[in-house]
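Here are a few notes to read alongside the model. Take them one at a time and find each spot as you go.

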Amino acid sequence: MFANLPITDSWFSQLRTVQTSTEGPPRKIPPQTPVRFPQCAPQAIVTPKSSAQQEQSLVALLQNIHRPADVKLSCFEALGLHVTSSAAPEDIIPDSSYLPPIEEWNSIATDNLLEANDATKKPLGNGNLSPGAQTYRERKNELLIDNTAAFRTIRRIPPPTGESAVRLGNAYEFFKNLEFFSGYWDDTSLPPPSDSSAEESSKEKEDVSAVPFHQQTHTRTGTGSQLPPEYRQNLLTAFIKLVAYDFGCNVSLPRCEPRLHLTPPPSTPSPPSYFNSSAFFIYRTPTERSAARAGIVEGPVAVVSCRGNTVFATEAESQLDLAREVVAVLLTAQQRAREGKTENKFGEGKWWATKQRWGGGPGGPIGREADKVDELAATPASGAGVDEKVNLPVRDENERGVAAETRRIFGINGPSPNKRTKRGKTADGNMAIYENYRKLLPPSSTWDRRARYSPIGKLSAEAGFDDVFMVSALNHHVSIVRVRVPEKLLSVLSGGEVEEGWEKLPMWRSKWYDLFIGNERVEAMELVWGMISYLMRSIDVPAENHSSEKKDATTNDGNVQGEKMDLN
């Protein structure tokens with residue numbers, strides 16, 4: 001086919017021009033995604049409602065939400081939500097003494113930092129000591145590293161002449177995920193492009209083009225709306241772990257789908273329902289080594305919520321984002337209130353979950369099984385053609401011996417192994433989904449069997465509320481939120497009856513910290529430090545409660561659900 005083609009130098013030169021290189025900047029960079037934040041801060045009026053009004057308006061109203069368009073301000077009014085935006089760190093942390101004393105720790109000389117570190121530690125609820133001034137100074141110095149120098153270390157680009165490569169230390173994972181962000185968001189730590197003359201702009205383009213593409217940093221190839229959601233989740237996880245590890249906590253994804261359960265009162269015939277969420281949690285790691293290896297977690301301590309929305313042009317979009325935060329906070333409060341309780345599974349004890357189907361009979365074929373019955377009925381009788389014999393070629397003894405020896409030595413022409421059954425089918429050929437339908441399995445559990453649910457950091461039970469903290473993320477920013485959830489609200493959501501309603505559901509939100517800017521990263525780290533330090537503080541437990549907790553631990557063997565803990 002190619003024999004008659006003239007092979008000349010010009011022919012090869014044409015081939016060289018046809019080949020294209022995959023390396024290089026994109027032909028057209030999409031426009032930058034503007035940074036917007038939701039502007040929804042409902043203000044509740046302190047007018048406590050009666051218990052009947054609370055039950056009817058709240059649970060029934062929330063169960064009528066089926067689409068994003070159903071979220072309205074009336075839902076937040078029924079909850080009594082009162083949002084305080086741009087709150088100070090002293091307002092977000094109930095006890096401001098757990099915030100790191102910045103001026104005092106920064107004034108310590110570097111030579112005396114190791115000696116003063118032990119004096120700055122505080123006792124924690126798990127029996128250990130909190131990190132001190134030395135750990136704070138290390139995290140601060142790591143987060144203040146310039147993004148350009150950190151991205152060179154991540155991409156293994158040699159530093160400019162006269163400079164040394166920076167060491168990222170514990171912040172390596174954070175800057176690694178932040179470098180992914182620079183491909184979708186513009187780095188706000190860099191100076192904005194100024195209006196320069198045409199000559200200066202041409203010189204800058206020549207300088208940038210002189211650097212190879214694989215050695216360039218801050219090269220954006222997409223928009224912020226195109227950022228994969230796992231990138232934001234990984235960045236926020238790495239940022240929180242810089243502080244959480246030293247306090248004995250960890251950030252992990254939930255093993256069961258987080259759900260906000262809505263149970264109507266017994267007087268209404270409507271069934272219970274739930275709202276799901278994509279939030280994940282900060283858990284406390286057990287001090288027992290065997291329990292930690294088994295994956296057992298305690299808490300949750302706080303909740304983390306990442307959303308990928310970048311457009312908040314309408315009021316409905318802002319309300320939807322606030323509703324997602326409220327759902328994440330309320331389901332966290334429900335999980336923290338599970339200590340010492342057992343799970344009430346949906347459909348437990350109902351006739352449709354216990355009685356045999358088809359009136360207790362064996363039942364007939366289901367779905368595709370009916371097709372098999374029709375095929376067997378259409379096949380001829382099994383007795384036809386039984387006496388017919390197939391004339392096989394006759395082999396002498398020598399040929400049989402050689403074939404047997406060949407199979408024994410080389411495995412050639414031997415019996416083929418048994419083929420596995422098709423995926424999703426049982427041994428008798430029936431679909432596994434049909435067999436599970438016949439087994440009448442109980443409803444699946446929505447509680448994590450390897451979680452020790454407890455309200456870590458909660459005040460005494462007489463307080464009547466639980467402070468739930470949330471780390472919220474939007475765009476490339478992070479904010480710390482505290483919500484004071486009344487116990488009466490949780491009782492109404494679980495189908496209980498209260499004599500008097502609650503006044504309001506207060507929410508304090510900090511400002512949005514930009515993770516691209518070093519100083520704002522440090523401010524966000526200090527607020528996360530104060531949040532975890534307050535929740536992990538050592539709380540004096542009365543002697544009577546301590547003895548009762550020991551009895552519960554020995555009877556339940558560490559499982560709050562009253563079942564045996566699964567350590568596998």
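1. Angles between helices under 35 degrees count as roughly parallel, over 145 as roughly antiparallel, 65 to 115 as roughly perpendicular and the rest as oblique. The axes of α11 (residues 229-244) and α19 (residues 518-535) cross at roughly 55° and come within 9 Å, so these two helices are oblique to each other.

2. Before going on, please note that this is a predicted model, where local features need pLDDT of at least 70, side-chain atom pairs count only at pLDDT 80 or more, and totals for chains, interfaces and linings use all residues. Residues are numbered from 1 along each chain as its sequence is written, and side-chain values use heavy atoms, leaving out hydrogens and water.

3. Which residues of α11 meet α19? They are Phe239, Val243 and Ala244, and their partners in α19 include Met525, Val528 and Trp529. Contact here means heavy atoms within 4.5 Å.

4. Trp529 also has a ring partner: with Trp105 it forms an edge-to-face pair, 6.0 Å centre to centre and 70° between the planes. Rings of Phe, Tyr and Trp (its six-membered ring) pair if their centres lie within 6.5 Å; planes under 30 degrees apart count as stacked, over 60 as edge-to-face and the rest as tilted. Trp105 sits in helix α5 (residues 102-106), 424 residues from Trp529. Both are buried, that is, under 20% relative accessible area (exposed is over 50%, partly exposed in between; 1.4 Å probe, protein chains only).

5. Ring pairs join Trp105 and Trp529 with Tyr136 and Phe247 in a cluster.

How values were computed: Axes fitted to C-alpha atoms, helices over the stretch in contact; angles between N-to-C directions. Helix = DSSP H or I, 4+ residues; strand = E, 2+ residues; numbered from the N terminus.
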